[in-house]
Amino acid sequence: MRFKIFREKQGGILQSVINEGKTPKWYWHLLADNGKVIADSGEGYNSLHACKHGVDLVKGAANNTPVDED
């Protein structure tokens, strides 16, 4: 697995719908070994630093997060 951090494209559909022409936001995806997205940031970050912090939070919580089964 690996994380991919990216910035939305200026003038793209994603930006015009989500961000309404403001500064492009940063996002992350967690990719499986086959390249498929298995998790995403769910929100845009205003800075690369904040996006990396979000990745670090996910990395740190992974071992301690309980799993609920129905």
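This is a short dialogue on reading a few features of a predicted model.

Q: What should be known about the model before reading it?
A: The model is predicted, so local features need pLDDT of at least 70 and side-chain atom pairs count only at pLDDT 80 or more, while totals for chains, interfaces and linings use all residues. Residues are numbered from 1 along each chain as its sequence is written, and side-chain values use heavy atoms, with hydrogens and water left out.

Q: In what order do the strands of the sheet stand?
A: Helices (H or I, at least four residues) and strands (E, at least two) are DSSP runs numbered from the N terminus, and two strands pair if DSSP finds at least two bridges between them. Here three strands form an open sheet in the order β1-β2-β3, with antiparallel pairing. Because β1 (2-7) and β3 stand at the edges, each with a single partner strand, one side of each is left without a neighbour in the sheet.

Q: How many bridges join β2 to β3?
A: Strand β2 (residues 26-31) and strand β3 (residues 37-40) run antiparallel and are joined by three bridges, with L30 standing opposite A39 in β3. The two strands form a hairpin with five residues between them, and G35 in the turn has a positive phi of about 90°.

Q: Which residues make up the largest nonpolar core?
A: In soluble globular proteins, nonpolar side chains tend to be buried together. A nonpolar core is a set of buried Ala, Val, Leu, Ile, Met, Phe, Trp, Tyr and Cys residues joined through side-chain atoms within 4.5 Å. In this model the largest one has six residues, namely W26, W28, L30, Y45, C51 and V55. The elements giving two or more residues to this core are β2 and α2, and the largest share, three residues, comes from β2.

Q: Is S41 buried or exposed?
A: Buried means under 20% relative accessible area, exposed over 50%, and partly exposed in between (1.4 Å probe, protein chains only). S41, in the loop between β3 and α2 (48-61), counts as buried because its relative accessibility is 13%.

Q: Which residues does S41 touch?
A: Contact means heavy atoms within 4.5 Å. Not counting residues up to four places away in sequence, S41 touches Y27 and W28.
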